[in-house]
Amino acid sequence: DSVKQKFEKVFAQNCVNREMKNSVNQDSDEKRFRESCTCIANHIAEDLAEVDAEKYLDDHEDTHTLQIKFDAAAFFCLQNKPQPKGPHLFGK
């Protein structure tokens with residue numbers, strides 16, 4: 001595997017693990033999180049410098065570039081996804 005392929009796998013798995021910590025319905029959420037996290041990892045890796053990928057893999061360091069790319073990738077991957085409904089608090 002290239003550095004970017006390793007990055008995609010590790011980043012997606014870390015993302016799923018992080019999201020599953022707060023999950024109430026782990027069976028159905030895992031598939032949804034895996035799909036979203038894989039999309040985000042793939043989108044980030046498209047134009048990520050290998051230096052930043054290596055820093056993430058070797059040093060577990062989130063560079064500023066990686067944070068910016070994550071925000072853009074999350075918006076791209078999640079903008080058209082149905083979001084889970086929040087609690088219905090008021091009579092509307």
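**Close-up views of a four-helix model**

**View 1. Surroundings of Ala45 in helix α2**. Ala45 counts as buried because its relative accessibility is 5% (buried: under 20% relative accessible area; exposed: over 50%; partly exposed: in between; 1.4 Å probe, protein chains only). The model is predicted, with local features requiring pLDDT of at least 70 and side-chain atom pairs pLDDT 80 or more, whereas totals for chains, interfaces and linings use all residues. Residues are numbered from 1 along each chain as its sequence is written, and side-chain values rest on heavy atoms, without hydrogens and water. Leaving aside neighbours within four places in sequence, Ala45 is in contact (heavy atoms within 4.5 Å) with Lys4, Phe7 and Glu8. Its C-alpha atom is separated by 9.8 Å from that of Ala73, a residue 28 positions away along the chain.

**View 2. Surroundings of Ala41 in helix α2**. With a relative accessibility of 0%, Ala41 counts as buried. Once residues up to four places away in sequence are set aside, Ala41 touches Phe7, Glu8, Phe11 and Ala12. The C-alpha atoms of Ala41 and Lys69 lie 9.7 Å apart in space, and the two residues are 28 apart in sequence.

**View 3. Overall arrangement of the helices**. The protein contains 4 helices and 0 strands (DSSP runs numbered from the N terminus; helices are H or I of at least four residues, strands E of at least two). From the N terminus on, the order of elements is α-α-α-α. Of the 92 residues in the protein, 28% are buried. Among contacts with a separation of 6 or more, 67% are between residues 24 or more positions apart.

**View 4. Contact of α1 with α2**. The axes of the two helices (lines fitted to C-alpha atoms over the stretch in contact, with angles from 0 to 180 degrees between N-to-C directions) come within 8 Å and cross at roughly 145°. From α1, the contact draws on Lys4, Phe7, Glu8, Phe11, Ala12, Gln13, Cys15, Val16, Glu19 and Met20; from α2, on Gln26, Asp29, Glu30, Phe33, Arg34, Cys37, Thr38, Ile40, Ala41, Asn42, Ile44 and Ala45. By class, this contact comprises 12 nonpolar, 4 polar and 6 charged residues (nonpolar: Ala, Val, Leu, Ile, Met, Phe, Trp, Tyr, Cys and Pro; charged: Asp, Glu, Lys and Arg; polar: the others, Gly among them).

**View 5. Glu19 of helix α1 and Glu30**. Glu19 has a relative accessible area of 32% and is therefore partly exposed. From C-alpha to C-alpha, Glu19 and Glu30 are 8.5 Å apart, at a spacing of 11 residues in sequence.

**View 6. Crossing of α2 and α4**. The axes of helix α2 (residues 26-45) and helix α4 (residues 64-78) come within 8 Å and cross at roughly 130°. The two helices are therefore oblique to each other (under 35 degrees is roughly parallel, over 145 roughly antiparallel, 65 to 115 roughly perpendicular, the rest oblique). On the α2 side, Ser36, Cys39, Ile40, His43 and Ile44 meet Leu66, Lys69, Phe70, Ala73, Ala74, Phe76, Cys77 and Leu78 of α4. The residues of this contact divide into 10 nonpolar, 2 polar and 1 charged.

**View 7. Packing of α1 against α3**. The axes of α1 and α3 are 9 Å apart, and the helices pack at an angle of about 45°. α1 and α3 are therefore oblique to each other. Val3, Lys4, Lys6, Phe7, Val10, Phe11 and Asn14 of α1 make the contact with Glu50, Ala53, Glu54, Tyr56 and Leu57 of α3. The contact of α1 with α3 has 7 nonpolar, 1 polar and 4 charged residues.

**View 8. Aromatic pair of Phe7 and Tyr56**. A search of the whole structure returns 4 aromatic pairs (ring centres of Phe, Tyr and Trp, the last by its six-membered ring, within 6.5 Å; planes under 30 degrees apart are stacked, over 60 edge-to-face, the rest tilted). Phe7 and Tyr56 form an edge-to-face pair, at 5.3 Å centre to centre and 75° between the planes. The pair links distant parts of the chain, 49 residues apart: Phe7 belongs to helix α1 (residues 3-20) and Tyr56 to helix α3 (residues 50-59). Phe7 counts as buried because its relative accessibility is 0%; Tyr56, at 10%, also counts as buried. Phe7, Phe11, Tyr56 and Phe70 form one aromatic cluster.
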